[in-house]
Amino acid sequence: MEQKRSILVAGGDLRQRYAAENLRRLPGWTVETQGLLPEEPQPEQLMPYDVLVLPMPACPDGKTVPAPFGDGALSLEMLLRHGKQDALVLGGGCGASVQKAAEAAGQTAADYMQREELCLRNAIPTAEGAIQIAMEETGTTLSGSRAVLVGYGRISQALAPRLRAMGVEVTVCARRCVSRAQAELLGIRAVPVTALSQEAETADLVFNTVPALLLHREILEKLPPDALVIDLASRPGGTDFEAAKGLGTQVVWALSLPPEKRD
């Protein structure tokens with residue numbers, strides 16, 4: 001009888017739980033988890049895995065894997081010790097530290113967020129999570145409000161039509177003329193980044209998706225007092241958070257949505 005192969009799903013949020021549930025349906029594979037469920041084997045009892053599935057982000061500090069459902073972050077070194085030679089390590093945003101550690105353990109690391117179809121699908125829950133934050137943090141309905149989307153990549157492309165369907169007036173602020181043209185083809189008003197200061201003056205909501213400092217003090221000062229900034233960009237973000245605090249501007253830095261929306 002052919003021996004079953006093993007997958008270890010370690011750390012992360014609800015997406016990892018769903019991944020484990022679906023992977024268990026694969027014939028010929030056994031699936032174990034770490035840092036996800038109430039009852040799990042102790043690390044020393046784990047089966048040697050053929051595939052290790054890490055969350056997104058996989059290992060932000062290069063040493064530990066986030067495990068908000070567990071008792072604390074998981075040691076990457078500990079997890080790699082349980083892999084077979086030539087095992088495959090999959091994670092979102094696998095940086096050089098993860099790849100180097102996997103290589104030292106005789107394994108190969110790959111970043112699943114390099115797959116475009118996954119990035120596009122991941123933009124949907126991110127957009128929905130951003131809208132949920134906007135609904136929770138504002139004192140009025142979103143319908144009739146004015147939103148500025150900074151950047152027009154995957155997330156903004158998923159976010160813009162959903163906001164418009166809710167009656168929000170959307171303006172895209174993007175550096176590239178191609179991005180602005182794409183928005184305009186869908187009937188969305190689009191302006192260059194140089195117009196951000198002017199657009200901020202009447203914005204009720206600002207959704208930033210660019211990991212570069214575009215929402216600096218001079219821009220934040222132009223926002224109405226009750227405006228809400230939701231920064232969806234990866235580290236280091238695109239907002240001067242210290243300046244926003246000093247100005248009393250309400251900012252939510254929603255890293256790696258939808259983990260903030262977990263149960």
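# Close-up views of a predicted model

**View 1. C173 and C119, two cysteines without a disulfide partner.** C173 is buried, and its relative accessible area is 1%. The model shown here, as in every view below, is a predicted one. Why does the sulfur of C173 form no bond with the closest cysteine sulfur? That closest sulfur belongs to C177 and lies 14 Å from the sulfur of C173, which is too far for a bond, because two cysteine sulfur atoms count as a disulfide when they are within 2.5 Å of each other. The structure as a whole holds zero disulfides. C119 is likewise in no disulfide, and the nearest cysteine sulfur, that of C94, is 13 Å away. C119 has a relative accessible area of 10%, so this residue counts as buried.

**View 2. The open sheet and its order of strands.** Six strands form this sheet, and reading across it gives the order β10-β9-β8-β11-β12-β13, with parallel pairing. At the edges stand β10, made of residues 189-191, and β13, each of which pairs on one side only. Direction ignored, neighbouring strands of the sheet are turned against each other by 20° on average. Within the sheet, β8 and β9 pair in the parallel sense, and five bridges join them. A pair of residues to look for here is L149 and V172, since L149 stands opposite V172 in β9.

**View 3. R146 and its salt bridges.** Side chains of opposite charge can pair when their charged atoms come close. Which side chains meet that of R146 in a salt bridge? One of them is the side chain of E169, with a distance of 3.7 Å from N to O. This pair links distant parts of the chain, for R146 lies in strand β8 (residues 146-150) and E169 in strand β9 (residues 169-173), 23 residues apart. Another is the side chain of E199, where the distance from N to O is 2.1 Å. E199 belongs to helix α7 (residues 196-200), and its pair with R146 in strand β8 again links distant parts of the chain, 53 residues apart. Salt bridges that share partners join R146, E169, R189 and E199 into one network. Buried or exposed, how do E199 and R146 lie? Both of these residues are buried, and for R146 the relative accessible area is 10%. E169, by contrast, is partly exposed, with a relative accessible area of 47%.

**View 4. A salt bridge between R115 and E117.** The structure holds eight salt bridges, and in the one shown here the closest N and O atoms of R115 and E117 are 2.8 Å apart. E117 has a relative accessible area of 35%, so this residue counts as partly exposed.

**View 5. The aromatic pair of F241 and W253.** A pair of aromatic rings is described by the distance of the centres and the angle of the planes. A search of the whole structure finds one aromatic pair. In this pair the ring centres of F241 and W253 are 4.6 Å apart and the planes stand at 25°, so the pair is stacked. F241 lies in helix α9 (residues 241-247), whereas W253 lies in strand β13 (residues 250-253), so the contact ties together parts that are twelve residues apart in sequence. Both rings belong to partly exposed residues, the relative accessibility being 26% for F241 and 29% for W253.

**View 6. The charged end of R17 over the ring of F69.** In this view, the charged end of R17 sits over the ring of F69, at 3.9 Å from the centre of that ring.

**View 7. Backbone details at P57, P236 and D86.** Most residues other than glycine have a negative phi, and most peptide bonds are trans. Where in the chain is P57 found? P57 is in the loop between β3 (49-53) and β4 (64-65), and the peptide bond that joins M56 to P57 is cis, with an omega of about 0°. The peptide bond from R235 to P236 is cis as well, with omega near 10°, and P236 has its place in the loop between β12 (228-231) and α9. D86, a residue other than glycine, has a positive phi, near 70°. D86 is part of strand β6 (residues 83-91) and counts as exposed, at 67% relative accessibility.

Definitions and conventions: Residues numbered from 1 in each chain as written. Predicted model: local features only at pLDDT ≥ 70, side-chain atom pairs only at ≥ 80, totals over all residues. Heavy atoms only, no water. Buried < 20%, exposed > 50% of the residue type's maximum accessible area, 1.4 Å probe, protein only. Salt bridge = Lys/Arg side-chain N within 4 Å of Asp/Glu carboxyl O. Helix = DSSP H or I, 4+ residues; strand = E, 2+ residues; numbered from the N terminus. Phe/Tyr/Trp six-rings, centres within 6.5 Å; stacked < 30°, edge-to-face > 60°. Lys NZ or Arg CZ within 6 Å of the ring centre and 35° of its normal. Pairing = 2+ DSSP bridges. Axes fitted to C-alpha atoms, helices over the stretch in contact; angles between N-to-C directions.
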